[in-house]
Amino acid sequence: MDIKQLVATVASVATNADLNTIYALVMLAAEELKLKLDVSITLVEEALRQLVEEGYLIEYEEATLDLSKRTRKYIATEKL
């Protein structure tokens, strides 16, 4: 299993998740599955970007409670 497949699997389960949540879950999954993958936040972000471009995920921005910051969140599509 490569990093992109692992990110897609996590994103399909964790609906409406941001990058940090997906990254943490990917790290946990890789550890639990004893996968020999180099997991970094940049690799997870790149995999998310590829999945968005391919139509497997939808990316949107959500305002935080103080409305001064916005976070990018991801939702899995039916294609995933």
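Here are some notes on this structure, which is a predicted model, for someone opening it for the first time.

1. Overall layout. Start with the parts list: the protein chain has 3 helices and 3 strands. Walk along the sequence and you meet them in the pattern α-β-α-α-β-β.

2. Size. The C-alpha atoms take up a box of roughly 40 × 25 × 20 Å along the principal axes. The radius of gyration is 13 Å, and a compact globule with 80 residues would come out near 12 Å, so the two agree.

3. Inside and outside. Of the 80 residues in the protein chain, 28% are buried. About 5400 Å² is exposed, and carbon and sulfur atoms supply 53% of that area. As for how the chain meets itself, take the contacts with a separation of 6 or more: 46% of them are between residues 24 or more positions apart.

4. Helix α3, its length. I'd spend some time on this helix, which covers residues 41–53. With 13 residues at 1.5 Å a residue, α3 should span 18 Å, and its end C-alpha atoms are indeed 18 Å apart. After the helix comes G55, which has a positive phi, near 90°.

5. Helix α3, its two sides. Which residues of α3 are buried? They are V44, A47, L48 and L51. Looking down the axis of α3, you find the buried residues within an arc of 100°, so they line one face of the helix. T42 and E53, on the other side of α3, are exposed. As background, an α-helix has 3.6 residues a turn, so residues three or four places apart point the same way.

6. What α3 packs against. The buried residues of α3 pack against two other helices, α1 (3–13) and α2 (19–32), and against two strands, β2 (57–63) and β3. If you are browsing in a viewer, turn to those four elements next.

7. Salt bridges within α3. The whole structure has 6 salt bridges. One of them joins the side chains of E45 and R49, at 3.8 Å from N to O. E45 and R49 sit 4 residues apart in α3, so about one helical turn separates them. R49 has a second acidic partner: E46 also forms a salt bridge with R49, and there the closest N and O atoms are 3.0 Å apart. That pair is 3 residues apart in α3, again about one turn of the helix. In general, side chains of opposite charge can pair when their charged atoms come close.

8. A salt bridge from α3 to a strand. E45 also pairs with R72, whose side chain meets that of E45 in a salt bridge of 3.6 Å, N to O. R72 belongs to strand β3 (residues 70–76) while E45 is in α3, so this pair ties together parts that are 27 residues apart in sequence.

9. How exposed are these charged residues? Being buried takes a relative accessible area under 20% and being exposed takes one over 50%. E45, at 21%, is therefore partly exposed. E46 is partly exposed too, at 34%. R49 has 38% relative accessibility and counts as partly exposed, and R72, also at 38%, counts as partly exposed.

10. The network. Where does all this pairing lead? E45, E46, R49, E59 and R72 are joined into one network by salt bridges that share partners. The shared partners are easy to pick out in the pairs above: R49 meets E45 and E46, and E45 meets R72 as well.

11. Two spots in α2. Helix α2 holds T21, which is partly exposed at 37% relative accessibility. From T21 to A11 is 10 residues in sequence and 9.5 Å in space, C-alpha to C-alpha. Helix α2 also holds E32, and E32 counts as exposed, with 62% relative accessibility. Between E32 and K69, which are 37 residues apart along the chain, the C-alpha atoms are separated by 33 Å.

Methods: Residues numbered from 1 in each chain as written. Predicted model: local features only at pLDDT ≥ 70, side-chain atom pairs only at ≥ 80, totals over all residues. Heavy atoms only, no water. Salt bridge = Lys/Arg side-chain N within 4 Å of Asp/Glu carboxyl O. Buried < 20%, exposed > 50% of the residue type's maximum accessible area, 1.4 Å probe, protein only. Expected span 1.5 Å × (residues − 1). Arc of directions from axis to C-beta. Contact = heavy atoms within 4.5 Å. Rg over C-alpha atoms; globule rule 2.2 N^0.38 Å. Areas by Shrake-Rupley, 256 points an atom, 1.4 Å probe, with all protein chains shown as cover.
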